Amino acid sequence: MPPGTMSDRLAVLPLHVDSYELERLEQPVTRGFTRVTTVVHLRGGGVEGLGEDVTWFPEHHDREQKAGTVLPLAGSWTLESFSDALDLPDPHRRWAYESAALDLALRQAQTTLAELVGRESRPVTFVVSPGLGDPPTSRVVLRWLELDPSHRFKLDPATDWTDQLIEALAETGAIVTADYKAYYRTENDPLPDPELYRRVAEGFPEAYLEDPALTDETEAVLEPHRDRVTWDAPIHSVADVEALAWPPRVLNSKPSRFGRLSEVLAFYDVCAANEISLYGGGMFELGPGRGQIQYLASLFHPDGPNDVAPRAYNDPEPRPGLPSSPLEPAPAERGFRWDYPDA
């Protein structure tokens, strides 16, 4: 393995950019909406690097694609100087360009991410994260389990979850993460329901409890379950990890929330030093971004309940013939690419 930290080795990697192009992707997905993303094609020296902007709102992609290729990216850089020159405050958009630059620089250097960070790709455990319908039922989970009894699930509890639904889901023994999604609330949403928190925490006694809102009432409910509480949406940097209400034992890793490659690498280092377990999460990626988060999971947290299932799992309905967990490693021969079919 080359000398220096992961961040050091990648920061000085040379990068030459001639031009770039944006590509729109659009597809209906589970939970009844149409996902839109933007693929960044960064080109230089006869090769191409890819990244994906997974900003949630379609109007963001409309504006970006209408503006076209207006960023001054052409020139010779290092990965660090390229990052420093990017005037992109939105982390999802920044990650698209930083991941494309990483892919391009590695391909120009004829090496891979695994080689540069000194790690070997391992099989990636993944979960399925379907919506349960309106009103919610266990039907979708049971259908997935009929297709493959080894499936495990990440679900989003809501106030309309009855005791009967929680019991039916718990009987499957397949629910490994319950995401309270407190950080997605709007002003019009109801306040956090401590009774729902209690029913979910007790109903799934082995599951991770992700992104709860912390109030006096919910903290009292979660106190016996702190070891299972994990965080996703509020984690954008090492500083966010250090600011949590209590030291975490496990966290969700989403590189697109960090934006900067250097911040992602610093996060991995801090979590390793503090024995914080990780699992990966996705953002309904439609293009190369899905393979890239699978690649990172294979290097840094292959055994966690990674919400990085192949893209076909985002289709509106369960179907047979999809790959089972774990995914076998599929790093490309060069770059920051994952060659798994339909990643």
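## Helix α2 and what it packs against

Which elements do the buried residues of α2 pack against? They pack against β2 (19-29), β3 (33-44), β4 (47-53) and α4 (91-108). Contact here is heavy atoms within 4.5 Å, and buried is under 20% relative accessible area, with exposed over 50% and partly exposed in between (1.4 Å probe, protein chains only). Helices (H or I, at least four residues) and strands (E, at least two) are DSSP runs, numbered from the N terminus.

A word on the model itself: it is predicted, with local features needing pLDDT of at least 70 and side-chain atom pairs counting only at pLDDT 80 or more, while totals for chains, interfaces and linings use all residues. Residues are numbered from 1 along each chain as its sequence is written, and side-chain values use heavy atoms, leaving out hydrogens and water.

Back to α2 (residues 58-67): its buried residues are His60, His61 and Glu64. They sit on the same side of the helix because they cover an arc of only 95° around the axis, the arc being that of the directions from the helix axis to the C-beta atoms. Flip to the other side of α2 and you find Arg63 and Lys66 exposed. Just after the helix, glycine 68 takes a positive phi of about 80°.

## The three-stranded sheet

Strands β2, β3 and β4 make an open antiparallel sheet, in the order β2-β3-β4; two strands pair if DSSP finds at least two bridges between them. The edges are β2 and β4, each with a single partner strand, so one side of each has no neighbour in the sheet. From one strand to the next, the twist averages 25°.

Between β3 and β4 there are seven bridges, and valine 39 has glutamate 52 in β4 as its bridge partner. Helix α2 packs on this sheet, touching β2, β3 and β4, and its direction makes about 35° with that of β3. Helix α13 (residues 288-300) also packs on the sheet, touching β3 and β4, at about 90° to the direction of β4. For these angles, axes are lines fitted to C-alpha atoms (for helices, over the stretch in contact), and values run from 0 to 180 degrees between N-to-C directions.

## Strand β1 and its partner

In β1 (residues 14-17) the side chains alternate: Leu15 and Val17 point to one face and are buried, whereas Pro14 and His16 point to the other and are not. Four bridges join β1 to β5 (residues 75-78), and the two run antiparallel. One position to look at is valine 17, which stands opposite glycine 75 in β5.

## Helix α7

The buried residues of α7 (residues 163-171) are Leu165, Ile166 and Leu169. Down the axis they fall within an arc of 100°, so they line one face of the helix. Gln164 and Glu171, on the other side, are exposed.

Their cover includes α6 (139-147), β6 (153-155), β7 (175-179) and α8 (194-203). Just after α7 comes glycine 173, with a positive phi of about 65°.

## Nonpolar cores

A nonpolar core is a set of buried Ala, Val, Leu, Ile, Met, Phe, Trp, Tyr and Cys residues joined through side-chain atoms within 4.5 Å. The largest has 90 residues, of which Tyr97, Leu113, Leu251 and Phe267 touch the most other members. Helix α4 gives the most to this core, with nine residues.

Leaving aside neighbours within four places in sequence, tyrosine 97 has contacts including Tyr20, Val40, Glu64, Leu73 and Phe82. Another core lies apart from the largest one; it has six residues, among them Leu25, Val29, Leu50 and Leu286.
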